[in-house]
Amino acid sequence: MEALMAADAVGFDTESKPTFRKGESSTGPHLVQLASGTRAYLFQISRLQGADHLKTLKAILESPRILKVGFGLGNDRRTLESRLAIRLANVLDLGEVLRGPGHRGAVGAKVAVAHFFGQTLQKSRKTGTSNWAIAHLTERQRLYAANDAQVALRVYRAWADAGSVTLPA
């Protein structure tokens with residue numbers, strides 16, 4: 001908690017078990033990812049047995065002092081607020097702010113990584129659509145989740161250093 005509470009900004013994302021049937025409701029989010037400059041922290045909602053872990057997560061997500069940055073956070077906000085009874089504060093959706101004026105749709109992490117770092121972000125569709133509600137995440141799932149939060153923070157830092165530029169379509 002100390003490392004995350006000391007940060008001015010953290011990378012932020014959530015993962016949920018996908019739904020595949022029409023009318024099926026999601027029970028997520030099942031995982032919340034937060035990243036500092038050097039570490040990623042994964043909070044499995046079903047495993048937050050100790051009140052301290054839930055209090056830690058809530059304190060960080062509700063803190064108006066800590067900027068939470070990520071991609072495509074609209075649905076994350078709604079589901080987290082309803083599932084955990086929290087009020088997210090100071091959240092920046094990079095997917096929205098990085099798109100150019102007059103462009104529809106959001107910029108994703110892959111496009112942002114290519115633009116700011118000249119690299120290709122490898123994201124496995126199979127892992128991304130895997131079961132995030134399982135009790136013990138696989139190594140692939142943990143790495144995928146940690147990367148999502150860490151990439152968001154790194155892109156944010158690069159964007160801020162570049163003077164808050166928008167990306168071309």
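Colleague: Which residue in β3 does V32 stand opposite?
Modeller: V32 stands opposite F43, and L34 has Y41 as its bridge partner in β3. The model is predicted: local features need pLDDT of at least 70, side-chain atom pairs count only at pLDDT 80 or more, and totals for chains, interfaces and linings use all residues. Residues are numbered from 1 along each chain as its sequence is written, and side-chain values use heavy atoms, with hydrogens and water left out.

Colleague: How do you know that β2 and β3 pair?
Modeller: Two strands (DSSP runs of E, at least two residues) pair if DSSP finds at least two bridges between them. Strand β2, residues 31–35, and β3 have five bridges in the antiparallel sense, so the criterion is met. A hairpin of four residues joins β2 to β3.

Colleague: What makes β3 and β5 the edge strands?
Modeller: The open, mixed sheet has five strands in the order β3-β2-β1-β4-β5. Strands β3 (40–44) and β5 (91–93) each pair on one side only.

Colleague: How do you know that the length of α7 is close to the expected one?
Modeller: Helices are DSSP runs of H or I, at least four residues, and the expected span is 1.5 Å times one less than the number of residues. Helix α7, with 23 residues, reaches 33 Å from its first C-alpha to its last, close to the 33 Å expected. After α7 comes G163, with a positive phi near 85°.

Colleague: Why is the packing of α5 on α7 called oblique?
Modeller: Angles run from 0 to 180 degrees between N-to-C directions, with axes fitted to C-alpha atoms, for helices over the stretch in contact. Helix α5 (residues 109–117) and α7 pack at about 45°, their axes 10 Å apart. That makes α5 oblique to α7, because angles under 35 degrees count as roughly parallel, over 145 as roughly antiparallel, 65 to 115 as roughly perpendicular and the rest as oblique.

Colleague: Which residues meet there, and what are their classes?
Modeller: A109, A112, V113, F116 and F117 in α5 meet V151, R154, V155, A158 and W159 in α7, contact meaning heavy atoms within 4.5 Å. By class there are nine nonpolar, no polar and one charged residues. Ala, Val, Leu, Ile, Met, Phe, Trp, Tyr, Cys and Pro count as nonpolar, Asp, Glu, Lys and Arg as charged, and the others, Gly among them, as polar.
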